[in-house]
Structures are given as structure tokens and as C-alpha cells.
Amino acid sequence: MAGVSVRLPDGSTKEFAHPTTALEFAESIGPRLAKAAVAATFDGVPVDLSRTLPDGAEVTVVTVTTPLGREVLRHSTAHVLAQAVLRLWPGAHYAIGPVIDDGFYYDFELPGGAHFTDDDLGRIGDEMRSIMAEDQPFVRHEHTIDEGLELFGDQPFKREIIEAVGAGQDEVDAASEGAGEHGVSTYWNSPDFTDLCRGPHVPSTGKLGHFALMRVAGAYWRGDEKRQQLQRIYGTAWETADAVTEHLHRLQEAEKRDHRKLGVELDLFSFPQQLGGGLAVWHPKGGIVRKLMEDYSRERHASGGYEFVVTPHLANANLFETSGHLGFYKDGMYPPMEMDNGTYYPKPMNCPMHCLIFDSRQRSYRELPLRLFELGTVYRYERAGTLHGMMRIRGFTQDDSHIFCTEDQLQGEIASLLEFVMSVLTAFGFTDFTFNLSTKDPDKSVGSDEIWEKATEALRLALETSGLEYAVKEGDAAFYGPKIDIDVKDAIGRTWQLSTIQCDFNQPERFGLEYVGADNGRHRPIMLHRALFGSIERFFAILVEHYAGALPAWLAPEQVRVLGVRDDHQDYADSVAAGLESQGVRVSVDPADEPLGARIRRAKLLKIPYILVVGDDDVAAGTVGVNQRGSDRPERGVPVGAFTDTLLAEIAERSVETPASISGNE
RNA sequence: GCCUGGGUAGCUCAGUCGGUAGAGCAACGCACUCGUAAUGCGUAGGUCAGGAGUUCAAUUCUCCUCCCAGGCUCCA
């Protein structure tokens with residue numbers, strides 16, 4: 001065989017006289033690289049280190065600290081998990097074991113309908129460690145489809161994956177599991193374990209070891225709740241033990257920001273059992289934050305050309321028949337109430353009622369775009385298992401708007417909406433946006449293809465003319481029209497889907513909406529649905545988590561707490577507080593019947609932005625000691641006026657950053 | 001709705017191999033009067049989620065219901 005020549009990522013080439021594996025290639029570059037290598041890529045395609053270099057390819061060595069390297073590591077660890085489970089439960093069926101963010105999972109069906117319990121995780125982990133200690137190789141084999149079916153004769157899920165080849169819909173899944181038109185690929189670890197897989201894998205199980213099994217869960221086979229439920233085990237795996245520890249630490253930190261926990265600690269809201277699942281009560285401290293959010297929203301909508309409307313919580317069933325909601329979402333609506341003149345439902349959406357407002361009299365093109373806005377409270381019967389604090393709740397309020405416009409106005413409206421959304425969200429401290437365009441789901445939609453085409457194109461053009469990058473989510477639209485969803489990234493890098501802009505040609509048609517045009521003819525308006533917060537409850541929860549409960553001063557339930565050093569500073573503390581209160585500052589005084597340190601601690605735990613300590617010096621000089629949130633270095637002797645001015649400016653600007661210094665001297 | 005794990009004082013948790021419960025913090029009272037993250041003493045607080053069963057006896061064992069957590073499914 002002639003020699004081979006391959007290209008390196010830096011553009012240089014390397015020649016080999018004999019057939020050479022990717023591992024030997026890595027060794028030829030350096031022993032450290034070879035040691036860190038877990039896989040390679042040939043012309044961008046990930047492959048095992050044992051593969052032979054193809055002539056002329058661009059070759060990279062994949063090391064364990066890269067995203068692809070970690071994927072290989074996690075995928076390989078998932079295989080070991082399956083092997084361990086099959087050892088411990090002979091006769092178990094194994095399904096799929098893909099890589100996910102920060103980890104992996106594997107789905108199983110245990111013999112005799114057995115289920116994993118949390119206690120099993122320890123045993124399984126031990127078994128995995130012994131497989132890793134055995135340092136078994138991952139040996140790749142290629143088979144024909146028939147051979148594959150034979151090989152996995154007693155494994156129904158593996159057979160189903162292989163059988164999906166050529167059958168259409170599950171092709172992509174099958175390919176990622178190693179089954180395709182070409183045949184199937186498997187990895188052999190030991191005489192007792194072979195798995196179906198595309199690869200690549202680390203060379204041997206000895207390369208693995210830094211992992212943790214996280215939890216047991218149920219998961220439907222193929223994600224279909226009509227099919228059987230399998231037992232899923234989630235795990236995480238990293239290149240070093242320290243990286244595992246760090247990951248677990250990050251999870252702990254995220255837990256500390258959990259809005260449900262902070263909701264109790266900061267006395268913001270609760271879910272009384274007597275109320276019923278998924279229904280919240282807002283306590284005064286949560287209530288004031290909500291009011292501030294709503295005030296700001298109303299203010300922006302007022303200046304944005306919106307008109308305020310109010311609609312009731314119940315509606316005749318006919319309304320939701322007309323809108324189509326009953327047809328598509330009956331199961332997600334609260335059950336109907338029979339009343340003397342018909343059947344009524346709690347409303348799950350505000351849009352049908354806004355259509356009725358449009359339809360209440362004849363409309364002229366001169367009125368368009370007509371922008372109706374409502375903080376509309378809706379009720380949805382979310383399934384019990386989906387409830388999640390304020391994030392997923394059964395009664396909530398949407399900052400809902402419906403814009404009726406002409407076809408000519410559509411483009412401009414969408415573009416200005418995109419601006420509006422980003423501007424409002426920025427005020428709350430979110431600056432990192434991503435955009436998704438969701439298109440028609442053929443199985444769950446109303447209206448003609450032509451109308452959908454038009455609506456989708458309008459959204460696409462608006463995104464493009466605004467110069468925004470976006471991803472397309474096929475089949476993710478609402479039943480009445482395509483939409484743009486806007487995700488934000490929070491302080492610890494998690495993304496949340498917040499705002500939505502939906503283009504709807506269907507409801508105006510279903511409701512028979514019309515306006516009189518300049519041509520004196522009747523025309524159908526187009527309706528844009530949009531929400532910025534989405535649900536106020538959910539947005540509030542995201543805000544709490546984003547700030548870990550330390551809300552910016554303009555949103556903080558209590559902005560300032562004044563502490564006298566001794567009892568005899570009480571009058572001065574009261575007067576400082578009264579002065580601030582007269583300027584609209586939310587302030588309280590904590591009297592000196594406990595040591596100062598204890599009162600400071602309590603105020604810090606409540607995440608109050610400013611703690612003012614006043615003592616003899618301050619009474620004499622008309623100053624305060626300012627202990628700012630996030631700082632461990634209080635400023636003494638700040639004139640009351642200087643503090644007040646800085647604070648009022650911070651609040652008026654709705655600053656999401658705390659000023660570096662209150663006195664302005666530093 | 002499905003799978004797994006839970007529910008003990010306002011919060012965080014201990015405990016009872018079946019004999020009706022305990023700590024810290026919080027609350028309340030008294031004393032302390034203090035310059036930047038926990039002053040001391042005392043008081044009160046629980047149908048051990050709810051219901052049924054087994055038992056001389058159930059917070060503990062069994063079953064059912066409700067609620068919570070983590071997933072799955074769903075999310076107009």
C-alpha cells in the first residue's frame with residue numbers, strides 16, 4: 001500500500017509511509033496529545049482513534065477537554081452504564097443512551113417489570129467502576145442489517161431501531177444509534193456486552209472514571225406517552241474528578257437561586273395547599289414587585305401606542321368553538337360550568353375576547369394598526385406532573401396584546417415589535433437574546449397552506465430586515481399561525497423562552513373580522529399576538545432566579561433599611577427613613593433591641609440593597625453609614641442628601657447595576 | 001397523566017426495630033444599648049399531610065387520596 005498524506009488543522013500536511021491509525025498520528029505529533037486524545041475527526045467526521053487515516057483527509061485529534069471530546073467520554077460512559085445494568089439485571093432490555101448537556105442517560109426495561117430505585121444507583125456505579133478497572137476495549141464492527149437483527153435477537157428496542165432504517169420517520173434516531181442504509185455498526189467491549197452505536201468511543205473503558213449517576217426517572221419509549229415507559233438513569237461525566245465536583249457545585253449554586261426556595265425565604269409568595277395545586281398567592285413583598293413590573297409594562301405600552309382593554313375570566317363555550325381553542329386544547333382547559341343560558345369556560349387565552357372588541361363596531365383602515373393590550377388572567381388545567389412553582393402554574397396573567405393591522409403594515413409592525421420586546425426586556429437586565437422562528441405543524445393547525453406561507457414569510461422578512469439571526473423550529477407553531485419566540489440568557493447562562501410574536505391570519509377569518517379600506521371595500525385584518533413577559537408569574541420567577549433574589553433597587557420590595565446603633569439614635573433613624581419615604585423610597589427601620597450585627601445580618605439575608613447604620617457621628621453631622629448590598633466595605637459619613645440623590649437616580653434610571661460608590665468620591 | 005423519591009413546629013432537619021415527639025433558626029416576652037453578617041434568659045408552637053385498615057396500642061406496618069421534588073409527556 002502506498003503512503004498516505006493528511007492535512008492538519010493548521011494547513012500543514014503530514015506523510016506516512018504505512019497505514020497509520022489516528023492514535024499513531026496523535027503520537028507522531030506528541031505523547032501529551034496522544035494521552036489526552038479520546039477520538040479523532042476525518043474531514044470533520046468523528047471517528048475512533050483506532051481508525052486508519054484515509055489519504056488526503058483533514059485530520060484533527062479530539063482531546064477530552066473539548067466539547068466533542070466530552071461527548072465521546074459521556075457516550076462511552078453511557079455504554080458502561082448499560083453494561084453494568086445488564087450484568088446486574090440479566091435479561092434487561094436496553095434502549096438508547098445518548099449524550100445530553102453536561103451528561104448522558106440510558107433507558108432500560110428491567111425483567112419482570114422491575115424498576116430502579118434511588119438505592120440502585122450506588123450498586124450500578126460500583127459495577128461501572130469495576131468495568132472501567134477491567135479496561136475493556138471498545139471494538140468497532142460493521143454488520144449488515146440482517147446480521148444486526150440477528151445479533152440483537154433478544155433486544156426488542158435495538159431491533160426496532162434497526163428496523164426503522166428505510167421506514168422514514170425514525171431515520172435520524174436510527175442513524176445516531178449506528179443504523180443506516182449501509183448497515184449497522186456495533187461496539188464490542190467484552191464477550192458479555194455489545195451495543196449498537198455510531199461511535200466514536202474512547203479506546204477502552206480504562207479511559208473513563210470521572211462520572212456520577214444523578215437520578216432515576218421514567219421516560220416513554222420514543223418519547224411517545226402512548227408507548228411503554230422505560231426506566232431512565234441520568235449521569236454526568238467529565239475529564240477529571242475536579243471537573244465532576246465543579247459541575248455538582250454549579251448545580252448546587254443553581255439550586256440556591258430556585259425561585260421556590262427564595263419565594264419562601266424572601267416572603268414573596270406561596271402555594272397554600274388549601275388553594276389547590278398550581279395556584280399561587282402573592283404576599284406583600286412579591287406583590288409590590290409584581291406591581292412595579294406591571295406599572296412599567298403599562299407605561300411602556302401606553303407610550304408604545306397600545307390601548308388598554310379589560311375582559312372577563314369566563315366565556316361562553318361558543319367563543320372557544322369559534323376560536324378553535326376547544327378543538328385543540330379542551331384537555332388543557334378547566335372543565336365547563338353549566339349555567340342557565342349555556343356552557344361557560346374559564347378562559348385559557350385572551351385573544352378571542354380581543355377579537356370581539358375589534359368586532360364590536362365597524363372598523364376603518366384609519367384605525368389600524370389597532371393595538372389592544374391587557375394584563376389578562378387566564379386559567380389552564382396543566383397536568384399535575386408539569387406544575388413547577390411560578391414557572392408552570394394553573395392560573396396566571398399574560399401581558400397580552402393583539403395587534404390588528406393591514407397586510408401592508410404587517411412587516412413594519414413585526415419589526416417594531418422586535419425592537420419593543422428587546423427594549424423592555426433590557427430594562428429588566430436581560431441583554432442576550434436568541435430568536436426562533438416556528439413553522440406549521442401539519443397535524444395540528446388550521447388554515448390553508450397559502451395563508452401559512454404568507455404569515456411565515458412575513459415573520460422571516462421582519463427578522464432578516466432587522467438583521468437578527470434566528471433558528472427555524474419546524475412544526476413548532478401555534479395552531480393558528482407561525483411565531484417568533486425570543487429566548488433570553490440569564491446570569492448563570494441558562495436560557496428561558498420568554499416573549500412570543502405570533503402571526504395569525506386564521507382567527508380574523510374565524511371571527512369574520514373586517515375593516516373598511518380606503519377603497520371603500522371590506523378587508524380582513526391580520527392579527528399579531530404577542531406577549532413580552534409571557535406570564536407575569538413565570539417572568540417574575542425568572543427574574544428572581546436571574547438575580548438570585550437580589551433584585552435591582554428599582555424592583556426591590558424593600559430598598560433601604562435604617563439601623564440605629566443604640567436606642568437613642570432611633571429618632572434620627574426615623575427621620576432619615578421619613579425623609580426617604582417622602583421621596584417614594586421603600587424603607588423601614590429596625591430598632592436597636594438586638595445587636596447591630598444581628599440586624600445587619602437579617603437585612604443582608606433579605607437582600608435589601610442598602611442598609612444605613614446611624615450612630616453618634618451621624619446624628620451630629622447629618623450623615624449615614626451606607627452598607628451596600630454585595631459590598632463588605634461600608635462607607636461611613638455619607639451626607640443624607642448625597643445618599644438620597646444617588647439612590648433616587650439609581651431608581652429613576654431603573655438601573656440593573658449597583659453604583660460603585662454612593663458618595664461619588666471613589 | 002406516567003415513573004422514582006418524599007411529606008414530622010413558620011423554616012431546616014433529627015427521631016420512633018409499633019407504646020401519641022425533639023433540636024437549631026424564626027415568632028412572642030423580659031433583660032441587654034451595642035458602629036457593620038447570629039446578645040442572653042424565658043415562653044409558646046405539632047391530629048407527625050388527610051382518610052381507611054391491621055393491632056391492646058399506628059407518627060411508625062398496609063391500602064387509598066392529596067400535596068411536594070426530580071424526570072417523561074404536554075405547554076394555545
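This is a short tutorial dialogue on reading helices, strands and one buried residue in a predicted model.

Reader: I'm new to this one. Where do I start with two helices that touch?

Author: Start with the general idea: a packed pair of helices is described by the angle between the two axes and by the distance between them. Now take helix α3, residues 67-88, and helix α4, residues 120-133. Their axes come within 8 Å and cross at roughly 110 degrees.

Reader: How are α3 and α4 oriented to each other, then?

Author: Angles of 65 to 115 degrees count as roughly perpendicular, and α3 and α4 are therefore roughly perpendicular to each other. The crossing of these two helices is right-handed.

Reader: Which residues in α3 and α4 meet?

Author: On the α3 side, you'll find Thr-77, Val-80, Leu-81, Gln-83, Ala-84, Val-85, Arg-87 and Leu-88. They meet Arg-123, Ile-124, Glu-127, Met-128, Ser-130, Ile-131 and Met-132 of α4. Sorted by class, the contact of α3 with α4 holds nine nonpolar, three polar and three charged residues.

Reader: Can I try another pair? At what angle do α14 and α15 pack?

Author: Sure. Helix α14 covers residues 407-427 and helix α15 covers residues 449-465. They pack at about 45 degrees, with the axes 9 Å apart. That makes α14 oblique to α15. This crossing is right-handed.

Reader: What does the contact between α14 and α15 consist of?

Author: From α14 come Glu-407, Leu-410, Gln-411, Ile-414, Ala-415 and Leu-418. From α15 come Lys-454, Ala-458, Leu-459, Leu-461, Ala-462 and Leu-463. By class, the residues of this contact are nine nonpolar, one polar and two charged.

Reader: On to sheets. What is the strand order in the open sheet of eight strands?

Author: Read across the sheet rather than along the chain. The order is β17-β22-β23-β30-β27-β26-β24-β25, and the pairing is mixed. At the edges stand β17 (307-308) and β25 (470-473), each with a single partner strand, so one side of each is left without a neighbour in the sheet.

Reader: Does anything lie against those strands? Which strands does α14 lie across?

Author: You've met that helix already. α14 lies across β22 (370-379), β23 (395-405), β24, β26, β27 and β30 (526-535). Against β30, α14 runs at about 5 degrees.

Reader: Let me zoom in on β26. Is this strand enclosed or open, and why?

Author: Count its buried residues. In β26, residues 483-489, six of the seven residues are buried, so the strand is largely enclosed by the rest of the structure.

Reader: How many bridges join β26 to β24, and how many to β27?

Author: With strand β24, residues 433-438, β26 pairs in the antiparallel sense over six bridges. Here Leu-437 has Ile-484 of β26 as its bridge partner, and Phe-433 stands opposite Val-488 in β26. With strand β27, residues 495-504, β26 is joined by seven bridges, and that pair runs antiparallel. There, Ile-486 is opposite Ser-499 of β27.

Reader: What links β26 to β27?

Author: A hairpin, with five residues between the two strands. In its turn, Gly-493 has a positive phi of about 85 degrees.

Reader: Where else can I look for a hairpin?

Author: Try β34 and β35, where six residues lie between the strands and Gly-630 takes a positive phi near 85 degrees. Strand β34 (residues 623-628) and strand β35 (residues 635-639) run antiparallel, with three bridges. One pairing to find is Thr-623 with Pro-639 in β35.

Reader: What order do the strands take in the open sheet of three?

Author: That order is β18-β20-β19, with antiparallel pairing. β18 (314-316) and β19 (337-339) are the edge strands, each pairing on one side only. From one strand to the next, the twist averages 35 degrees. Three bridges join β18 to β20, residues 342-346, and Ala-315 stands opposite Tyr-345 in β20.

Reader: Finally, one residue. Is Leu-532 buried or exposed?

Author: Residues under 20% relative accessible area count as buried. Leu-532 has 1%, so it is buried. This leucine is found in strand β30. Beyond neighbours within four places in sequence, Leu-532 is in contact with His-301, Asp-399, Phe-420, Val-421, Val-424, Leu-425, Leu-498 and Ser-499. Leu-532 and Ser-499 are 33 residues apart along the chain, yet 4.3 Å separates their C-alpha atoms.

How values were computed
Residues numbered from 1 in each chain as written. Chains lettered and ligands numbered in written order. Predicted model: local features only at pLDDT ≥ 70, side-chain atom pairs only at ≥ 80, totals over all residues. Heavy atoms only, no water. Axes fitted to C-alpha atoms, helices over the stretch in contact; angles between N-to-C directions. Helix = DSSP H or I, 4+ residues; strand = E, 2+ residues; numbered from the N terminus. Parallel < 35°, antiparallel > 145°, perpendicular 65-115°, else oblique. Left-handed = near helix turned anticlockwise from the far one by under 90°. Contact = heavy atoms within 4.5 Å. Nonpolar A, V, L, I, M, F, W, Y, C, P; charged D, E, K, R; others polar. Buried < 20%, exposed > 50% of the residue type's maximum accessible area, 1.4 Å probe, protein only. Pairing = 2+ DSSP bridges.
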